[in-house]
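Hi,

Here is the structure I promised to pass on. Have a look at it first, and then read on for what I found in it.

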Amino acid sequence: MNATPYKGRFAPSPTGPLHFGSLVAAVASYLQARSRDGQWFLRIEDIDPLREPAGASEQIIRTLQDFGFEWDGELIFQSQRSEHYLAALASLQDQHWTYPCSCSRKQIADHSTSGPYGPIYPGSCRLGPLDATRPCALRLRVTDDEIQFHDAVYGAQQSVLSKDLGDFVLQRADGLFAYQLAVVVDDSLQGITEVVRGSDLLDNTARQIHLHHCLGLSTPDYVHLPLVLNEAGQKLSKQTFAPALDSDARQRLLVAALAFLGQPVPDELASLPLAQIWDHAIHHWSLAAVSPHNRSLSPGIDP
Ligand SMILES: [Zn+2]
């Protein structure tokens, strides 16, 4: 008997329209959930208004509907969930996990060594903000413990956050909540059992596991996916001008996403109605067939 029902999610940031790389992540998370008779939630991670063009969230939701995704329960917008993030910050504050930090980007750059994720915050404000007259960010203390986890595609992972990153920001000086905070609070409140997402977020996972621990929460399982590259070898993204998903080509694009994920795609699949493509995909889904290698699409498949 399976005691914990599977709960997965897709959680796009509405910084622009979905592109083929987003589709791959959405398809894999959806199939992981549906092939286990699990639930699949949609969460819009709209916590940074300056990076979110007007209408982007609506466009993302419409595109997912056009492609036949059906989410369970309530559609969640992080912009409406500040109370939950503030409650988590208050709890961390009570346990002295957080502290205010007045350092500017330049001050940190001038006083830090470089780690795998950028400058390692040297802990300058651990005993109190160096300049209490400046607006302060809130940082989370990290420890010297090695954080280990198993990724279903990338295998054993480990990180010592004090060596790799230093104390990291949970709330910016302008008041905006950091991605790390919002994602951990919501994954926990929604009861997510497995996080499936692109491997560009693999580096964030140790931070999120640490934050789960600080909040006394259990961690979900993790599956990271290979990234889709363009012809120049860059990750498809808004920054690299990835084209928006074309709903008129949804069958072809869905089949291309399945092929990218190593799933069986018979020749006639793309000519079937959308619902039948999904039935086929759910029935045949195998996470073991997903290769960890980032790559571009085969020649002849045009996203
Ligand atoms: Zn500081």
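Just after helix α8, G262 takes a positive phi of about 80 degrees. Keep in mind as you look around that this is a predicted model. Something similar turns up at helix α7: G216, just after that helix, has a positive phi of about 70 degrees.

While you're at α8, which spans residues 250–260, check which of its side chains face inwards. L253, L254, V255, A256, A257, L258 and F260 are buried there. What covers them includes helices α1 and α9, along with strands β13 (228–229) and β14 (295–296).

Helix α9 makes a good next stop. In general, a pair of packed helices is described by the angle between the axes and the distance between them. For α8 and α9 the angle is about 10 degrees and the axes are 10 Å apart. That angle is under 35 degrees, so α8 and α9 count as roughly parallel to each other. On the α8 side the contact involves R250, Q251, L254, V255 and L258, and these meet L274, I277, W278 and A281 of α9.

How does α9 sit against α1, roughly at what angle do their axes cross? Helix α1 covers residues 20–34 and α9 residues 274–284; their axes come within 9 Å and cross at roughly 65 degrees. The pair is therefore roughly perpendicular, and α1 passes α9 in a right-handed crossing. From α1, the residues in contact are V27, Y30, L31 and R34, while α9 brings W278, A281 and I282. You'll notice that W278 and A281 of α9 also appear in the contact with α8.

Following the chain on from α9, you come to S291 in the loop between α9 and β14. S291 has a relative accessible area of 24%, so it is partly exposed. Leaving aside residues up to four places away in sequence, S291 touches V153 and P226. If you want a sense of scale, the C-alpha atoms of S291 and T133 are separated by 51 Å, with their positions 158 residues apart along the chain.

Now for the metal. Which residues hold the zinc ion as protein donors? They are C101, C103 and C125, each through SG, and Y121 through OH, at 2.1 to 2.3 Å from the ion. The angles among the four donor atoms run from 98 to 120 degrees, and the site is tetrahedral. To find the donor residues in the sequence, look for the spacing C-x1-C-x17-Y-x3-C. Two of the cysteines are worth clicking on for their accessibility: C101 is buried at a relative accessible area of 2%, and C103 is buried at 15%.

Back to helix α7, residues 205–214. Nine of its ten residues are buried, so the helix is largely enclosed by the rest of the structure. The buried residues are T205, A206, R207, Q208, I209, H210, L211, H212 and C214.

There are also two residues with backbone angles to look at. Most residues other than glycine have a negative phi. D37, however, has a phi near 55 degrees, a positive value in a residue other than glycine. You'll find D37 in the loop between α1 and β2 (39–44), and at 77% relative accessibility D37 counts as exposed. H96 is not a glycine either, yet its phi is positive at about 60 degrees. H96 belongs to the loop between α3 (82–94) and β4 (98–101). With a relative accessible area of 59%, H96 is exposed too.

Last, is R9 buried or exposed? This arginine lies in strand β1, residues 7–10, and it is buried, with a relative accessible area of 4%. Not counting residues up to four places away in sequence, R9 touches S29, W40, F41, R43, V183, D187, I192, V195, V196 and R197. The C-alpha atoms of R9 and S79, 70 residues apart along the chain, sit 17 Å from each other.

Enjoy looking around!

Notes: Residues are numbered from 1 along each chain as its sequence is written. Side-chain values use heavy atoms; hydrogens and water are left out. Donors are N, O and S atoms within 2.8 Å of the metal (3.2 Å for Na, K and Ca); water is not among the atoms, so sites may look incomplete. Four donors count as tetrahedral if all angles lie between 85 and 135 degrees; four count as square planar and six as octahedral if opposite donors are over 155 degrees apart and all others between 65 and 115; anything else is irregular. Buried means under 20% relative accessible area, exposed over 50%, partly exposed in between (1.4 Å probe, protein chains only). Axes are lines fitted to C-alpha atoms, for helices over the stretch in contact, and angles run from 0 to 180 degrees between N-to-C directions. Helices (H or I, at least four residues) and strands (E, at least two) are DSSP runs, numbered from the N terminus. Angles under 35 degrees count as roughly parallel, over 145 as roughly antiparallel, 65 to 115 as roughly perpendicular and the rest as oblique. A crossing is left-handed if the near helix is turned anticlockwise from the far one by less than a right angle, and right-handed if clockwise. Contact means heavy atoms within 4.5 Å.
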